[in-house]
Amino acid sequence: MATVFKKTKMLTDVPFHYCPGCTHGIAHRLVAECLEEIGCEGNVVGIAPVGCAVFAYNYFNVDIQEVAHGRAPAAATGVKRTHPDTIVFAYQGDGDLASIGTAEIVHAAARGENITVIFINNAIYGMTGGQMAPTTLIGQKSTTSQQGRTVPLNGNPIKVCEMLATLDGPAYIARAALCDPANVAKAKKAIKRGFEMQMQKKGFSLIELLSTCPTNWGMTPVQATEYVKENMTKQFPLGVFKDIDKESK
C-alpha cells in the first residue's frame, strides 16, 4: 500500500499540550515540514518563546534555545552571526513579539538580520489567562477589556507586518491565516518562502500567522476558526507586504 502522508521527521513523537482547537499545532507542523523540504536537517536552531509555545523544544526535532520573554530576535541574531550557515528561526506569540519584545523585533528587522521569524497572532494573552494583547481586536473582549477593546481607552491593535514592511532591512514580510485548508496551504507557502530567503542570504523575514485561542475566546474550535476568517482578517489583512525579489523586478 502506498504511503500518501506521514508525519515530518522534523517533529518529535511528543504529544502537543495545546488546547483543543488551538492552531499552534498546525503552525508547528508547517514549520517542520518546510524545514524538511528545504533539506536543512541537522543544521537548524530554533528560538522558543515565553507563552503557550514555551515547550516548543519538546516538539521540534531541532536544536532549540529558550530565551527570556521578548528576546528571541536578539538571541537569534547572536546564533546566526556566530553560525551564519545555520538556519535560525524564532517562534513567537503576539505578547512575546508585539509587547515586551517590540524593540527587539523592530531593530532585528531594521538591521536586516538573516533570520526567519514565525509570529503567531491569536489576539490575546493565552498562557497567562486571556488578557488584552497589543493585537486584540477593536471590540474584542478579554479579562482586561471586559467591555471590549476601544480606541480611546486602549488604542489600536498593532499591525506588525505593515509596520515592519516600512523598514529597509526586511527581505520578506507576509501574513497568512490558519483557519481552513486553503489558507493553511498559503501559510505553508509563505513560511517556506521565508526560509528560502534566509538560505539565499537575502535578510530578515517574518511570517505572521493568524491563529485561534478557543479557550480564552470562550468559543468552540469551529467558532474560533470562523472568528479568524470573519473578524481577524478584517483588521489584519492577509497577503505579502514586502518581497525584495518582486520589488527589484
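The largest pocket in this predicted model has a volume of about 310 Å³. Its lining is made up of 16 residues, and those closest to the pocket centre are Tyr 172, Lys 186, Lys 189, Ala 190 and Val 240. Strand S5, helix H7 and strand S7 (239-243) each supply at least two residues of this lining. Of the contributors, H7 gives the most, with seven residues. Sorted by class, the lining of the largest pocket holds eight charged, six nonpolar and two polar residues.

The second largest pocket has a volume of about 230 Å³. Here 18 residues form the lining, with Val 50, Gly 51, Cys 52, Gly 95 and Gly 126 closest to the centre. Helix H3, which covers residues 94-100, gives the most to this second lining, namely three residues. Its residues divide into eight nonpolar, eight polar and two charged.

From the pockets, the description can now turn to the chain as a whole. The chain contains ten helices and seven strands. Its C-alpha atoms fill a box of roughly 50 × 50 × 35 Å along the principal axes. How does the radius of gyration of the chain agree with that of a compact globule? For 249 residues, a compact globule would have a radius of gyration near 18 Å, and the chain agrees with this because its own value is 17 Å. Buried residues account for 52% of the 249 residues. Contacts also reach across the sequence: of those between residues at least 6 apart, 69% join residues at least 24 apart.

What, then, fills the interior? In soluble globular proteins, nonpolar side chains tend to be buried together. The largest nonpolar core in this model comprises 37 residues, and the members that touch the most others are Leu 35, Phe 89, Ile 191, Phe 195 and Leu 209. Two helices, H1 (24-37) and H7 (181-199), each supply at least two residues of this core, as do the strands S1 (44-48), S3 (87-93), S4 (116-121), S5 (172-177) and S6 (205-210). Helix H7 therefore appears in two settings, because it supplies at least two residues of the core and gives the most to the lining of the largest pocket, where a lining residue has an atom within 4 Å of a pocket point.

Phe 89 offers a good view of how this core is put together. Leaving aside residues up to four places away in sequence, Phe 89 touches Val 31, Leu 35, Val 44, Val 45, Gly 46, Ile 47, Phe 60, Val 62, Thr 116 and Phe 195. Apart from the largest core lies another, of 23 residues, which includes Ala 98, Ala 109, Val 160 and Phe 204.

Helix H2 (residues 72-82) also has a buried side. Within H2, the buried residues are Ala 72, Pro 73, Ala 75, Ala 76, Thr 77, Val 79 and Lys 80. These buried residues pack against S1, S3 and H7, and also against strand S2 (63-66) and helix H4 (102-111).

Three single residues complete the picture. Thr 225 lies in helix H9, which spans residues 221-235. Is Thr 225 buried or exposed? With a relative accessibility of 19%, Thr 225 counts as buried, because the limit for a buried residue is under 20%. Not counting residues up to four places away in sequence, Thr 225 touches Cys 179 and Thr 212. The C-alpha atom of Thr 225 is separated by 7.5 Å from that of Asp 180, although the two residues are 45 residues apart along the chain.

Ala 123 and Lys 201 each deserve a look for their backbone angles. Ala 123 has a positive phi of about 65 degrees although it is not a glycine. This residue is placed in the loop between S4 and helix H5 (151-154). Ala 123 is buried, because its relative accessible area is 0%. Lys 201 is likewise a residue other than glycine with a positive phi, in this case near 60 degrees. The loop that holds Lys 201 runs between H7 and S6. Unlike buried Ala 123, Lys 201 counts as exposed, because its relative accessibility is 54%.

Terms used: Residues are numbered from 1 along each chain as its sequence is written. This is a predicted model: local features need pLDDT of at least 70, side-chain atom pairs count only at pLDDT 80 or more; totals for chains, interfaces and linings use all residues. Side-chain values use heavy atoms; hydrogens and water are left out. A nonpolar core is a set of buried Ala, Val, Leu, Ile, Met, Phe, Trp, Tyr and Cys residues joined through side-chain atoms within 4.5 Å. Buried means under 20% relative accessible area, exposed over 50%, partly exposed in between (1.4 Å probe, protein chains only). Helices (H or I, at least four residues) and strands (E, at least two) are DSSP runs, numbered from the N terminus. Contact means heavy atoms within 4.5 Å. On a 1 Å grid over the protein atoms alone, a cavity is a set of points where a 1.4 Å probe fits but cannot get out, and a pocket is an open set with protein on both sides within 12 Å along at least five of seven lines; lining residues have an atom within 4 Å of a point. Grid points are joined across faces, edges and corners, and a volume is the space filled by probe spheres set on the points. Ala, Val, Leu, Ile, Met, Phe, Trp, Tyr, Cys and Pro count as nonpolar, Asp, Glu, Lys and Arg as charged, and the others, Gly among them, as polar. The radius of gyration is taken over C-alpha atoms; the globule rule is 2.2 Å times the number of residues to the power 0.38.
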